[in-house]
Amino acid sequence: MSTAGATADPLAALGTLPGVAESVESVRKSVDRVYGHRIMRRRSNAITSEAALRGARGSAALAGADWALEEVRRRTDFSGDDEARTVGAALRLTAEAGQLLSIWRQSPLRVLARLHLVAAADKADQVGRPRQEGEPVDEPLVGLPLPSAAEAHGRLEGLAELIIAGGTAPALVTAAVVHGELLALRPFTSHNGLVARTAERIVLIGSGLDPKSVCSAEVGHAELGHEAYLEALDGYVSGTPEGMAAWIAHCGRAVELGARESMAVCEALQRGAA
């Protein structure tokens with residue numbers, strides 16, 4: 001986040017980057033369209049449930065388990081192989097996100113530790129805490145240089161301070177920074193991508209932009225594809241104004257695509273086809 005400089009509200013400063021305001025406005029319009037649909041007034045719980053399932057599927061796909069939606073819907077056992085465990089972790093995280101909203105603004109590090117514990121679903125010593133120096137990180141689909149544990153800890157603390165302090169940054173900007181920073185740092189020994197995307201979801205819900213969690217950014221990230229995801233992440237890691245703006249815009253487009261997916265679900269329910 002080097003472009004933020006020493007401003008009092010560095011996240012808000014990112015909102016002034018070229019093109020970011022346009023992304024923020026486009027996202028708000030897309031979300032508002034979903035919330036304005038007549039089905040949302042009568043069956044919002046069904047839309048929320050479907051968006052959660054599709055979001056988990058999308059997040060798992062970006063972690064290397066690209067299953068068809070119906071396969072995710074059909075399965076009851078996710079303990080078989082690595083892909084099944086990844087899908088299971090994504091589903092658990094999506095379910096957990098809504099339970100942690102009240103804690104996020106007071107103790108984001110506690111929430112992140114909890115998310116890692118839920119994703120890993122075991123009692124290993126490395127679970128539920130940031131990695132220590134020398135511990136390997138299992139995140140093969142993110143090939144960025146890995147910061148030292150000391151740097152990761154320091155930047156994680158800095159991110160937590162920004163979240164606790166609050167500010168005037170648009171929800172999209174905060175969500176994109178949380179997502180990008182967690183992927184760049186990979187503070188845990190595993191499941192960092194899943195945790196990062198869940199944290200993005202928590203910010204979007206808790207900010208009030210998407211309070212019913214019906215515009216799953218994970219759906220959009222998966223639709224945009226792994227290559228575009230990593231290319232945009234490279235921009236974030238570069239710390240340049242152009243790179244940061246491109247990452248925020250990419251996250252914004254992901255939310256818009258998630259909103260479009262839920263609009264399609266609303267239309268299907270209205271027709272009685274789903």
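**Entry 1: helices H5 and H7.** I began with the packing of H5 against helix H7 (residues 108-120), where the axes lie 8 Å apart and meet at an angle of about 145 degrees. I note here that I am working from a predicted model. I chose these two values because two packed helices are described by the angle between their axes and the distance between the axes. For the handedness I recorded that H5 passes H7 in a right-handed crossing. I then listed the residues that make the contact, which are Ala89, Arg92, Leu93 and Glu96 on the H5 side, and Arg114, Leu115, Val118 and Ala119 on the H7 side. Sorted by character, the residues of this contact come to 5 nonpolar and 3 charged, with no polar ones.

**Entry 2: the nonpolar core.** Next I looked up the largest nonpolar core, which has 81 residues, and I wrote down Trp104, Leu112 and Trp247 as those with the most contacts inside it. As background I keep in mind that, in soluble globular proteins, nonpolar side chains tend to be buried together. I followed Trp247 further: its relative accessibility is 0%, so I count Trp247 as buried. Setting aside neighbours within four places in sequence, I find Trp247 in contact with Ala176, His179, Gly180 and Leu183, and also with Tyr229, Ala232, Leu233 and Tyr236.

**Entry 3: aromatic pairs.** How many aromatic pairs does a search of the whole structure find? I obtained 3. One of them joins Trp67 and Phe78, which are stacked, with 6.3 Å from centre to centre and 25 degrees between the planes. Trp67 sits in the loop between helix H3 (38-62) and helix H4 (69-74), while Phe78 sits in the loop between H4 and helix H5 (82-97), so this pair ties together parts that are 11 residues apart in sequence. I also checked burial here, and both Trp67 and Phe78 are buried.

For Tyr229 and Trp247 I noted ring centres 6.1 Å apart and planes at 50 degrees, so I entered this pair as tilted. The pair links distant parts of the chain, with Tyr229 in helix H12 (residues 226-238) and Trp247 in helix H13 (residues 241-271), 18 residues apart. Tyr229 is buried as well, at a relative accessible area of 2%. Taking the ring pairs together, I see Tyr229, Tyr236 and Trp247 linked into a cluster.

**Entry 4: positive phi and buried loop residues.** I turned to the backbone with the reminder that most residues other than glycine have a negative phi. Against that background I recorded Arg186, which is not a glycine and yet has a positive phi of about 45 degrees. Arg186 is found in the loop between helix H9 (171-185) and helix H10 (192-206). Is Arg186 buried or exposed? With a relative accessible area of 3%, Arg186 is buried, because the cut-off for buried is under 20%.

I made a second such entry for Ser213, whose phi is near 55 degrees, again a positive value in a residue other than glycine. Ser213 belongs to the loop between H10 and helix H11 (217-224), and at 10% relative accessibility Ser213 counts as buried.

Finally I returned to the loop between H9 and H10 for Thr189, which is buried with a relative accessible area of 12%. Which residues does Thr189 contact, leaving aside its neighbours within four places in sequence? My list holds His116, Gln126, Arg131, Glu135, Pro136, Val137 and Asp138.

Methods: Residues numbered from 1 in each chain as written. Predicted model: local features only at pLDDT ≥ 70, side-chain atom pairs only at ≥ 80, totals over all residues. Heavy atoms only, no water. Helix = DSSP H or I, 4+ residues; strand = E, 2+ residues; numbered from the N terminus. Buried < 20%, exposed > 50% of the residue type's maximum accessible area, 1.4 Å probe, protein only. Contact = heavy atoms within 4.5 Å. Phe/Tyr/Trp six-rings, centres within 6.5 Å; stacked < 30°, edge-to-face > 60°. Axes fitted to C-alpha atoms, helices over the stretch in contact; angles between N-to-C directions. Left-handed = near helix turned anticlockwise from the far one by under 90°. Nonpolar A, V, L, I, M, F, W, Y, C, P; charged D, E, K, R; others polar. Core = buried A, V, L, I, M, F, W, Y, C linked by side-chain atoms within 4.5 Å.
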